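User: Could you take a close look at one part of this model for me, the greasy patch on its surface? I'd like to know what builds it, and then get a quick tour of what else stands out.

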Amino acid sequence: MNDTEEKKRKGDDFLLQGAILAAAGIIVRFIGLIYKIPMTRILGDEGIGYYNTAYEIYNIGLILSSYSLPLAISKLLAGYEYKGERENSRRVLVCGGVLGAVAGGLMTAVLLAGAEKIAEVIFKSPGSALPLRVMAPTILVFSLMGVLRGYFQGHGNMVPTSVSQIVEQLVHAAVSIWASFDFMRRFAGKENPASYGAAGGTLGTFAGAAAAFVLLAVLTAKHVTKQKRMHSAKAAGEKSEETASLKHIFMLLFLTVLPIILSQTVYQLSGTVDNALFGNLMSAKGLDEAQRQSMLGIYSGKYRLLTNVPVAIATSLGASMIPSIVMSRLGKDTEEVRHKIGITIKFNMLLAIPCAVGMGVLASPVMQLLFGDSRKISSDLLRLGSCAVVFFSLSTVTNAVLQGIDLMRKSVTHSAVSLLIHVIFVYVMLKWLDWGVYGLVIGNVTFALVVCILNWRAIGRELGYRQEVRRTFLLPLCAATAMGASTAAVYSLTRLWAGNTVGVIAAVCAGIIVYGAGILKLKAVTREELEEMPLGRSLSLVFFRKASAG
């Protein structure tokens, strides 16, 4: 296979690689969902509130320091690989490692030193300071690990990232459950045992990241050695490539990282802003810390936990799409870029829309099954905010598109505009309308919706891209509506004689069958589109052969 064929193969393989990463993301979120069930019961809503507040602060620190490194490194490395500049690719890895160590180390130091003031002054949650301190060193580990993930993603290989994510979450889950239980028991006599229990949960975050980093370090060392052997003999008979200076690569990395940091910071800041606004405004209304953290525990530890599971697909597809779009842009193939955007959105919506409908229909049974929570407020939050799955999936993918076509400043601007609107909405809903935690859910939905609208406009203007609506959105929504009706009916009948657990399982199985049949009957997917999707050729042979026979 020559270099041109190799480049084309890597560019066309992005959806499969994205699906591998998405599958790992779903497994990771599923593990996260499973371990959060016993951890939530161990810590209670108050402890989960401390845990999630600490996690929101940690997440902002992570974004400011190193969250953007995998995207930046994969984007630069993909460009060098496309041009055959392998030495420059290796230099990107070295420079990224130095940048990650410095940025991650500084942010870790800031959080360790300022945990108490940040938690108490900004979030009105002193109990979150201890879990934040325990989790702070994870930022340094994650910074270095992110560099290695970006290295593999830039080569179009999502398998190491996928495997490391699963290993990370398995270790994370095991340590979090054990440490939460142990710390709650060990420090039961302390003033705030829920805070110590939450610290046990954040210890799992560090342990999982450390395990994944060790695995990736071993895989990277093997890959670099293999690459050197493969290209040393080949390079002997070729003209030597132009090697960029380390200073030049550092500057490129910085200029690539900075807008992504700004974009991701603003994009992810909505959750942190929600916690801060809720803590301060509800404190002014007379709610004590335990009451506030219990409400945030339901919002963050249950509603957002569940809605974030399908969004993992969009995150994974976006990560795999960026290097592929870079290659197509370097090849000046705008039509190919538009096609990749369209098929990624299509694949994403085929999964996100039924997930949103299913969560809305089965909100109460799912809350009872997973968390033993039959309170109306818990199911109402999930039902009200289930559509956020669609909007966050779309905004995540379109942000990746903007980053891939060098419109990262647009991504920053759009997230900032949406955040401003979000803050105004949430402030009004909390302070004057007195909607409490329901206001946070509505703000969560509107934030992603505004980002979607602004991103679509920018992509359309830059690429002349027009999103196909009927088969991408309307037909899957029709099939999902039929699915929702059948799901509700099956659950209502089954639970009468078999209980909630069997009722949910039966309803989900029925929903999958009805939705799949609806998609085929309505012809929401063409044979050509299906063949481009993961396992699509096999599915195409099955379904379209039956259709032809019929």
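Analyst: One cut-off first: a residue counts as buried under 20% relative accessible area, as exposed over 50%, and as partly exposed in between. Keep in mind that this is a predicted model.

Now the patch. Six residues form this nonpolar surface area: V94, V98, V102, L106, L246 and F250, and together they have about 510 Å² of accessible area. Two helices, helix 4 (86-122) and helix 9 (246-284), supply at least two residues each. Helix 4 gives the largest share, with four residues. As background, an α-helix has 3.6 residues a turn, so residues three or four places apart point the same way. On the other side of the pairing, L246 belongs to helix 9. With a relative accessible area of 40%, L246 falls in the partly exposed class.

The cysteines are worth a glance too. C95 is buried at just 1% relative accessible area, whereas C478 comes out at 46%, so it is partly exposed. As for disulfides, with a cut-off of 2.5 Å between cysteine sulfur atoms, the count is zero.

Last stop, helix 3. Its 14 residues (69-82) should span 20 Å at 1.5 Å a residue, and the end C-alpha atoms are indeed 20 Å apart, so the two values agree. This helix is mostly covered, as 13 of its 14 residues are buried. Just after helix 3 comes G84, which adopts a positive phi of about 75°.

Note on methods
Residues numbered from 1 in each chain as written. Predicted model: local features only at pLDDT ≥ 70, side-chain atom pairs only at ≥ 80, totals over all residues. Heavy atoms only, no water. Expected span 1.5 Å × (residues − 1). Buried < 20%, exposed > 50% of the residue type's maximum accessible area, 1.4 Å probe, protein only. Patch = residues over 30% accessible without salt bridge, like charges linked within 9 Å, V, L, I, M, F, W, Y side chains within 5 Å. Areas by Shrake-Rupley, 256 points an atom, 1.4 Å probe, with all protein chains shown as cover. Salt bridge = Lys/Arg side-chain N within 4 Å of Asp/Glu carboxyl O.
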